[in-house]
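The following exercises ask the reader to work through a protein model step by step. Each task is followed by a worked solution.

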Amino acid sequence: MRPIGTATRGTTHPNRLRRMDRWIAATHGPALRRADTPVAVDLGYGAAPWTAVELLERLRTAEPRTAVVGIEISPERVAAAQPYAREGLTFRHGGFEIALPERPALIRAANVLRQYDEGEVAGVWQRLCERLAADGLLVEGTCDEIGRRHVWVALGPEGPRTVTFATRLGSLDRPSDLAERLPKALIHRNVPGERVHAFLRDFDRAWAAAAPYASLGARQRWITAVRALSGDWPLADGVRRWRQGEVTVAWEALEPRGW
């Protein structure tokens, strides 16, 4: 079967997806440990296989049995990645069909859907979620070139669950700086009248109100702002994750109107 999808630009850098990987290992580790065959897919890993290599290393800290399959729609990229294959790490030609014999416990698609139209996102999500194991997770999102700012959506077989904002706190002027890294489903919805716009507006206000805590460091200011934000928004995590420069909010709170 011809792979479904189109090739990305392929740009990638070592350690670019560390924030996403750290979150996956922490939050999805129990599901990996429960899986009979914990297989993770790095979908659209790009011109070099760094992200797949790193995903294996990071997930094995949570579950040593984890295997990673890097899937690329470009045969040339698959061929170039083969020297990096080893026990637990393989590379295959393919696309959104995820043509594997087993249902993966994880599919990670980072910086893949940015080139697609917004109207295509729901269909891609549905196709990928249908391939997940019963306890599986799809993580789809976007980051900057060196991984300082990242936003992703986490989905289960039933559909989207949460949106996570993650950043290197020292690089942040205000939380709404993360808007430029919103995933495709949300990036065009950062306008008045949309929920994600209201969320980032309130986050900026909470950040401004927490300015006195800046003398204690950016982390304390972030934690204080997020704690204030939790009074009005359904956050799905706590201080342990906030300390990492993260905050996760329920998808329903940010879901685009008319989605």
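The exercises below concern a predicted model, and they treat its cores, one helix, its salt bridges and three individual residues.

**Exercise 1. The nonpolar cores**

Determine how many residues the largest nonpolar core has, and which helix gives the most to this core.

Solution.
Step 1. The largest nonpolar core has 53 residues.
Step 2. Within this core, the residues with the most contacts are Leu-43, Trp-125, Val-163, Phe-165, Phe-199 and Trp-222.
Step 3. Helix H6, residues 195-209, gives the most to this core, contributing seven residues.
Step 4. Another core lies apart from it, with 28 residues, among them Ala-52, Leu-56, Val-68 and Val-78.
Step 5. Trp-125 may then be taken as an example. Leaving aside neighbours within four places in sequence, Trp-125 is in contact with Leu-113, Leu-138, Glu-140, Val-153, Leu-155, Pro-160, Ala-185, Trp-251 and Trp-259.

**Exercise 2. Helix H6**

Check the span of H6 against the expected value, then state which of its residues are buried and what covers them.

Solution.
Step 1. H6 has 15 residues. The expected span is 1.5 Å times one less than the number of residues, so H6 should span 21 Å.
Step 2. The end C-alpha atoms of H6 are 21 Å apart, which agrees with the expectation.
Step 3. The buried residues of H6 are Val-196, Ala-198, Phe-199, Leu-200, Asp-202, Phe-203, Ala-206 and Trp-207.
Step 4. An α-helix has 3.6 residues a turn, so residues three or four places apart point the same way.
Step 5. The cover over the buried residues of H6 includes strand E7 (159-167), helix H5 (184-187), helix H7 (218-229), strand E8 (246-250) and helix H9 (251-254).

**Exercise 3. Salt bridges**

State how many salt bridges the model has, and describe where the partners Asp-21 and Arg-108 lie and whether they are buried or exposed.

Solution.
Step 1. The count comes to 19 salt bridges.
Step 2. Asp-21 and Arg-108 form one through their side chains, at 2.4 Å from N to O.
Step 3. Asp-21 lies in helix H1 (residues 18-34) and Arg-108 in strand E4 (residues 106-110), so the pair ties together parts 87 residues apart in sequence.
Step 4. A residue is buried under 20% relative accessible area. Asp-21 has 0% relative accessibility and is therefore buried; Arg-108, at 0%, is buried as well.
Step 5. A network of salt bridges links Asp-21, Asp-42, Glu-54, Arg-58 and Arg-108.

**Exercise 4. Another pair in the salt-bridge list**

Classify Arg-86 and Glu-57 as buried, partly exposed or exposed, and explain which parts their salt bridge ties together.

Solution.
Step 1. The closest N and O atoms of Arg-86 and Glu-57 are 4.0 Å apart, and the two residues form a salt bridge.
Step 2. Arg-86 lies in the loop between helix H3 (75-81) and strand E3 (89-93), and Glu-57 in helix H2 (residues 50-59), so the pair ties together parts that are 29 residues apart in sequence.
Step 3. Arg-86 has 41% relative accessibility and counts as partly exposed. Glu-57 has 46% and also counts as partly exposed.

**Exercise 5. Phe-96, Val-139 and Thr-248**

For each of these residues, find where it lies and which residues it is in contact with, leaving aside neighbours within four places in sequence.

Solution.
Step 1. Phe-96 is found in the loop between E3 and E4 and is buried, at 6% relative accessibility. The C-alpha atoms of Phe-96 and Gly-5 are 6.3 Å apart, although the residues are 91 apart in sequence. Contacts of Phe-96 include Ile-4, Gly-5, Leu-43, Val-112 and Tyr-116.
Step 2. Val-139 lies in strand E5 (residues 137-143) and is buried, at 0% relative accessibility. Val-139 and Ile-107 are 32 residues apart in sequence, with 6.3 Å between their C-alpha atoms. Among the contacts of Val-139 are Met-20, Trp-23, Arg-108 and Trp-152.
Step 3. Thr-248 lies in strand E8 and is buried, at 3% relative accessibility. Its side chain is joined to that of Thr-164 by a polar contact of 2.7 Å. Contacts of Thr-248 include Trp-23, Val-163, Thr-164 and Pro-234.

Notes
Residues are numbered from 1 along each chain as its sequence is written. This is a predicted model: local features need pLDDT of at least 70, side-chain atom pairs count only at pLDDT 80 or more; totals for chains, interfaces and linings use all residues. Side-chain values use heavy atoms; hydrogens and water are left out. A nonpolar core is a set of buried Ala, Val, Leu, Ile, Met, Phe, Trp, Tyr and Cys residues joined through side-chain atoms within 4.5 Å. Buried means under 20% relative accessible area, exposed over 50%, partly exposed in between (1.4 Å probe, protein chains only). Helices (H or I, at least four residues) and strands (E, at least two) are DSSP runs, numbered from the N terminus. Contact means heavy atoms within 4.5 Å. A polar contact is a pair of N or O atoms within 3.5 Å; within protein, one must be able to donate a hydrogen and the other to accept it, and residues adjacent in sequence count only if both atoms are side-chain atoms.
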